[in-house]
Amino acid sequence: MKAVSIKEPGGPEVLEWIEVEDPGPAAGEVVVDVVAGALNRADVMQRMGLYPLAPGTSPYPGLEVSGRVGALGDGVTGWQVGDEVCALLTGGGYAQKVSVPAGQLLPVPAGVGLTDAAGLPEVTATVWSNLVMTAGLKQGETLLVHGGLGGVGSMAIQVAKVLGVRVVTTVGGPEKVARVRELGADVAVDHRTEDFTEYGPFDVILDVIGGDYLERNIRSLAADGRLVVIGLQNGLDGTLNLADLVFKRLSVYGTTLRTRSKEQKAAIVAEVRDHVWPMIENGSVRLLIEDRLPMEEAAEAHRRMEAGGHTGKILLVNE
């Protein structure tokens, strides 16, 4: 088979479409013949050498795919060869085939094409696990989502609205303000000209920015508020006011999906199937797709992601 390999840490040009060994299913795993994969920020960090991989992790990037079951490992039940699926991965999705623990497979939701389903597993699992399973977001609360037109942000807005939550989101530019309002955001803040803290207090904040957003995030949380940091686009360093943390009884979580155990991922995937898949199938939540490029053009896809300005997911398709 072919896969996208990272020749050495660096820019998009280090991504190579090369021949590699076919994966085989270990016990409890399934091999998926990949129709499409999707880009995530973690792929860019891995390409740059900034995302150390756990032992045994595929060296090829790609955290989610869609395709058809090609082979079953020992002990796998509930799936058959030929089933159309999408899957949450630890890596290896930029390829023609990938092996994945059976607990991380999902059926393609009704009404979603097989190719586009590649953009669902990582973003839905990220949103549900962080907003609901970690932060305990509930009806009647106010949520702040940073980066409302990214893959995670756009999904978070929609899921939160289904849950009966008031949603405030930050975006860059007036045209994006209009887009996130179409997704259901109650308030859209143009971070280029406005300060999001003026629209608080917030019960939960989902932050993909990190860095110097930390102090303002903490300051704008309500009593018993929860901050969940899942991205570091503005860097690693931030200032934390411990008085706010203590006297407002705040909780700060730093999470990532990739490094969780397969048992934890299976539990998240099961919740996504039970709670988010019905939202997608009834049309109350939809996936935003920015573009679809051939898998061998992964370098160009990375350039587009790093240039910014995209809305929703960028897909890589095996043609």
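Biologist: What makes Arg 216 count as partly exposed?

Modeller: Arg 216 has a relative accessibility of 22%. Buried means under 20% relative accessible area, exposed over 50%, and partly exposed in between (1.4 Å probe, protein chains only), so Arg 216 falls in the middle class at 22%. This is a predicted model, where local features need pLDDT of at least 70, side-chain atom pairs pLDDT 80 or more, and totals for chains, interfaces and linings use all residues. Residues are numbered from 1 along each chain as its sequence is written, and side-chain values use heavy atoms, without hydrogens or water.

Biologist: Thanks! How do you know that Arg 216 forms a salt bridge with Asp 195?

Modeller: The closest N and O atoms of Arg 216 and Asp 195 are 3.4 Å apart. A salt bridge needs a side-chain nitrogen of Lys or Arg within 4 Å of a carboxyl oxygen of Asp or Glu, so 3.4 Å qualifies. Arg 216 sits in helix α5 (residues 213-220) and Asp 195 in the loop between β10 (187-190) and β11 (202-207), 21 residues apart. Helices (H or I, at least four residues) and strands (E, at least two) are DSSP runs, numbered from the N terminus. Like its partner, Asp 195 is partly exposed, at 23%.

Biologist: And why is the contact of Glu 64 with Lys 313 called a salt bridge?

Modeller: Their side chains meet at 2.6 Å, N to O, so this pair also satisfies the distance rule. Glu 64 belongs to strand β4 (residues 64-72) and Lys 313 to strand β15 (residues 313-317), so the bridge ties together parts that are 249 residues apart in sequence.

Biologist: What makes Glu 64 and Lys 313 buried?

Modeller: Glu 64 has a relative accessible area of 0%, and Lys 313 has 3%. Both values are under the limit for buried, so the label fits each residue.

Biologist: What links Arg 304 to Asp 291?

Modeller: A salt bridge, with the closest N and O atoms 2.1 Å apart. This one runs from helix α8 (residues 298-307), which holds Arg 304, to strand β14 (residues 289-294), which holds Asp 291, 13 residues away in the chain. Arg 304 has a relative accessible area of 35% and Asp 291 has 25%, so both are partly exposed.

Biologist: Why do you speak of a network around Asp 291?

Modeller: Salt bridges that share partners join Asp 291 with Glu 300, Arg 303 and Arg 304.

Biologist: Nice! How many salt bridges does the whole structure have?

Modeller: The search finds 14, including the bridges we have discussed.
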